[in-house]
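Please read this note with the structure open beside it, and look up each residue as it is named. The points are arranged by topic, so that each one can be checked on its own.

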Amino acid sequence: MFQIGPYSIDSKVVLAPMAGITDRPFRQLCRQMGAGLAVSEMITSDTSLWDSRKSRTRLDHTGEIGPIAVQIAGAEPAMMAEAARMNVVLGAQIIDINMGCPAKKVCKRAAGSALLQDEKLVAEILKAVVAAVDVPVTLKIRTGWSPDQRNALKIARIAEDSGIRALAIHGRTRACRFNGEAEYDTIARVVAQSRIPVLCNGDIDSPQKAELVLHKTGAAAVMIGRAAQGRPWIFREVEHYLATGEQLPDISLSEIRDILCTHLRELTALYGPVMGPRIARKHLGWYLQTIPGSEMFRRQFNQLHHANDQYDSVLEYFEKLQENEDIAA
Ligand SMILES: Cc1cc2nc3c(=O)[nH]c(=O)nc-3n(C[C@H](O)[C@H](O)[C@H](O)COP(=O)(O)O)c2cc1C
């Protein structure tokens, strides 16, 4: 469907990187459910910080479905280049550069979207990273620093000239954070001037919206973040709608249960018996968002500390939901 260097991405919908969310278990689920690509959570370019449990977990790509795309964040060209090189050694097949994140921790170090203010530095970073690795390098940006400094067109040109192979754009400026609605006109203008694939991101939460945005911008693909939380099957829904113009029937309770159980198992396998069940709580909350009356179960689940207890409680809860559904039918 579109190409990132040597990789053919066979879906027009991909998963956005989200720190603390798009870990390997979640990326795998999204890939299995139709996402053409799943970019990792960002990892700092300061390799001296990689010897923490958090970084070690983020750097582990065992068994991951390729192409493995790893996002790096930082502001110093040589450090970014070195981080890219090290990630390739550790299995990255695509390096993605974060110039879109508004988080304070990143911006205070003038990384993430703060870099968009300094076009010369942007070019230096991109060129250094592209020169350092022989895998494709992609870039993720916002439309600019603020509504009166919306320089996505300029940055896109710099990216293309620096050898960037695909560009993802979140349709907000850094100053907009997550407020208001994403705008796609700037993205459409970037698409019109670009020869590399442009991925459109921001507020895409349904197959219909995905189609509308693709039509409006001419982007190669849409990138979905928050709407995939607790709903990894959104990729299958979008893909099907784009291919056929028809909406898939709602996912069944039994399939949600199976996906959730796989997710819980994989979290414990990656994070271990203490952290795994803790991390599972936020994901469970997202899965239950669309299930009315789930608040009580959620509270009970949050009291559980062992993976097996969590797993059994999910099976029991979904069995009850299924019984109620059968009675109502
Ligand atoms: C919790 C959270 C963490 C995020 N972490 C990152 C990140 O590590 N790197 C990045 O480029 N963008 C990050 N983003 C931004 C998303 O990739 C995406 O651009 C944004 O959420 C808009 O897309 P959406 O409306 O589909 O969620 C994050 C967003 C959220 C909500």
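A crossover is called right-handed if, with the strands pointing away from the viewer, the path from the first strand over the helix to the second runs clockwise. With that definition in hand, please bear in mind that the model is a predicted one.

1. The first unit to look at. Strand β5, helix α3 (residues 77-89) and strand β6 make a β-α-β unit that is right-handed in the sense just given. The two strands of this unit, β5 and β6, pair in the parallel sense, and 4 bridges are found between them. If you would like one pair to look up in the viewer, I72 has I97 of β6 as its bridge partner.

2. The other neighbour of β6. Strand β6 also pairs with strand β7 (residues 137-144), again in the parallel sense, over 5 bridges. Here I97 stands opposite L139 in β7, and I97 is also the bridge partner of I72, so that a reader can follow I97 from the one pairing to the other.

3. The cover of β6. How many of the residues of strand β6 (residues 94-99) are buried? The strand is mostly covered, with 6 of its 6 residues counted as buried. In a regular strand the side chains alternate between the two faces of the sheet. In β6, I94, D96 and N98 point one way while I95, I97 and M99 point the other way, and all of them are buried. A careful reader will notice that D96 and N98 are among these buried residues.

4. Strand β10 and its partners. Strand β10 (residues 221-224) is covered on both faces, with A221 and M223 buried on one side and V222 and I224 buried on the other. Strand β3 (residues 13-15) pairs with β10 in the parallel sense over 3 bridges, and within this pairing L15 is found opposite I224. Strand β9 (residues 198-201) runs parallel to β10 as well and is joined to β10 by 3 bridges, with M223 as the bridge partner of N201. Between β9 and β10 the chain passes through helix α8 (residues 207-217), and this β-α-β crossover is right-handed.

5. The surroundings of the ligand. Which residues come nearest to the ligand? Among the 17 residues around the ligand, these are P17, Q71, N201, D203 and R226. The shell is made up of 8 nonpolar, 6 polar and 3 charged residues. One of the nearest residues, N201, has already been met as the bridge partner of M223 in β10.

6. Backbone contacts with the ligand. A polar backbone atom of P17 is 2.7 Å from an oxygen atom of the ligand, and a polar backbone atom of D203 likewise lies 2.7 Å from an oxygen atom of the ligand. For A19, a backbone N or O atom lies 2.9 Å from a nitrogen atom of the ligand. Of the 600 Å² of accessible area that the ligand has on its own, the protein covers 89%.

7. Backbone angles worth checking. D203 lies in the loop between β9 and α8, and its phi is positive, at about 65°, although D203 is not a glycine. R177, in the loop between β8 (166-173) and α7 (185-193), is also a residue other than glycine with a positive phi, near 45°. R177 is partly exposed, because its relative accessible area of 35% falls between the cut-offs of 20% and 50%. A further point to check is the peptide bond between G66 and P67, which is cis, with omega at about -5°; P67 is in the loop between α2 (53-58) and β5 (69-73).

8. Two buried positions. Is G5, in the loop between β1 (2-4) and β2 (7-9), buried or exposed? G5 counts as buried because its relative accessible area is 16%, and the cut-off for buried is under 20%. G5 and I72 are 67 residues apart in sequence, and their C-alpha atoms are 18 Å apart in space. I125, whose place is in helix α5 (residues 119-132), is buried too, at 0% relative accessibility. From I125 to L115 there are 10 residues in sequence and 9.8 Å in space, C-alpha to C-alpha.

Methods. Residues are numbered from 1 along each chain as its sequence is written. This is a predicted model: local features need pLDDT of at least 70, side-chain atom pairs count only at pLDDT 80 or more; totals for chains, interfaces and linings use all residues. Side-chain values use heavy atoms; hydrogens and water are left out. A residue is near a molecule or strand if one of its heavy atoms lies within 4 Å of it. A polar contact is a pair of N or O atoms within 3.5 Å; within protein, one must be able to donate a hydrogen and the other to accept it, and residues adjacent in sequence count only if both atoms are side-chain atoms. Accessible areas come from the Shrake-Rupley method with a 1.4 Å probe; for residues, only the protein chains shown count as cover. Ala, Val, Leu, Ile, Met, Phe, Trp, Tyr, Cys and Pro count as nonpolar, Asp, Glu, Lys and Arg as charged, and the others, Gly among them, as polar. Buried means under 20% relative accessible area, exposed over 50%, partly exposed in between (1.4 Å probe, protein chains only). Two strands pair if DSSP finds at least two bridges between them.
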